[in-house]
Amino acid sequence: MKYMMFVCSDTEPDTDPTEIPDIHKWVAENDSRGRRLSGNVLGPTSAATTVRVRDGELLVSEGPFAETAEVIVGFDLLDCADLDEAIEVARTHPMARHGRLELRPFADLSD
């Protein structure tokens, strides 16, 4: 089952003083197991562009759609057997301690 894992900042990171896991090791391990299909860090919110169409008019604005302290800073596309495995993959991601990770399954559009 495929999951999009949004990697987000958080205003309340973990205060545990133990060393944060290395992101390069996390990527290498999950790539080698076939659980991580793709992923990347996103540019800053200042580089975001929001596009909408309302009443036939194109509306383009600079910056993210939502004004919030927590922002999406990256993503990983996961292929896991089930939600439990996806949670385990997310649990070991360094941003689980610095930020937050949102797992969202891909919708089945075959119906």
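Is E102 buried, partly exposed or exposed? In this predicted model, E102 is partly exposed, because its relative accessible area is 32%. The partner of E102 is R104, and the two form a salt bridge in which the closest N and O atoms are 2.3 Å apart. R104, at 45% relative accessibility, likewise counts as partly exposed. Elsewhere in the chain, salt bridges that share partners join E29, R33, R35 and E85 into one network.

Before following these charged residues further, it helps to set out the chain as a whole. The secondary structure comes to three helices and six strands, and from the N terminus on the elements run β-α-β-β-β-β-α-α-β. Taken along the principal axes, the C-alpha atoms fill a box of roughly 50 × 40 × 20 Å. The chain has 111 residues, of which 23% count as buried, and its accessible surface comes to about 7900 Å², with 54% of that belonging to carbon and sulfur atoms. When contacts between residues at least 6 apart in sequence are considered, 76% of them join residues at least 24 apart.

The interior can be approached through its nonpolar residues. In soluble globular proteins, nonpolar side chains tend to be buried together. Here the largest nonpolar core has eight residues, namely Y3, M5, W26, L78, C80, A86, V89 and A90. Two elements, β1 (2-8) and α2 (83-91), give two or more residues to this core, and α2 gives the most, with three residues. Y3, one of the core residues, has contacts that reach to other parts of the chain: leaving aside residues up to four places away in sequence, Y3 touches D76, L77, L78, C80, D82, L83, A86, R104, P105 and F106. Among these contacts of Y3 are the core members L78, C80 and A86, and also R104, the residue that forms a salt bridge with E102.

C80 leads on to the cysteines. A disulfide is a covalent bond between the sulfur atoms of two cysteines, and a search of the whole structure finds zero disulfides. For C8, the reason is distance, because the closest cysteine sulfur, in C80, is 17 Å from the sulfur of C8 and is too far for a bond. Seen from the other side, C80 is in no disulfide either, and the nearest cysteine sulfur to that of C80 is the one in C8, 17 Å away. Both residues are nevertheless covered: C8 counts as buried because its relative accessible area is 9%, and C80 counts as buried because its relative accessible area is 2%.

The charged residues deserve a second look. Side chains of opposite charge can pair when their charged atoms come close, and the search of this structure finds nine salt bridges. One of them is formed by E29 with R35, where the closest N and O atoms are 3.7 Å apart. The acidic residue of this pair, E29, is partly exposed, because its relative accessible area is 38%, whereas R35 is buried, with a value of 13%. Another salt bridge brings together the side chains of D31 and R36, at 2.9 Å from N to O. In that pair D31 counts as partly exposed at 36% relative accessibility, while R36 is buried at 14%.

A further acidic residue, D16, is found in the loop between β1 and α1 (23-32). D16 is partly exposed, because its relative accessible area is 36%. The C-alpha atoms of D16 and E85 are separated by 24 Å, and the two residues lie 69 residues apart along the chain.

Finally, nonpolar side chains are also found outside the core. On the surface, V51, V53, L58 and V60 form a nonpolar patch, with about 390 Å² of accessible area together. Strands β3 (49-54) and β4 (57-62) each supply at least two residues of this patch. L58 lies in strand β4, and L58 counts as exposed because its relative accessibility is 55%, above the cut-off of 50% that the term requires.

How values were computed
Residues are numbered from 1 along each chain as its sequence is written. This is a predicted model: local features need pLDDT of at least 70, side-chain atom pairs count only at pLDDT 80 or more; totals for chains, interfaces and linings use all residues. Side-chain values use heavy atoms; hydrogens and water are left out. Patches are made of residues with over 30% relative accessible area and no salt bridge: like charges are joined within 9 Å, nonpolar side chains (Val, Leu, Ile, Met, Phe, Trp, Tyr) within 5 Å. Accessible areas come from the Shrake-Rupley method with a 1.4 Å probe; for residues, only the protein chains shown count as cover. A salt bridge is a side-chain nitrogen of Lys or Arg within 4 Å of a carboxyl oxygen of Asp or Glu. Helices (H or I, at least four residues) and strands (E, at least two) are DSSP runs, numbered from the N terminus. Buried means under 20% relative accessible area, exposed over 50%, partly exposed in between (1.4 Å probe, protein chains only). A disulfide is a pair of cysteine sulfur atoms within 2.5 Å. A nonpolar core is a set of buried Ala, Val, Leu, Ile, Met, Phe, Trp, Tyr and Cys residues joined through side-chain atoms within 4.5 Å. Contact means heavy atoms within 4.5 Å.
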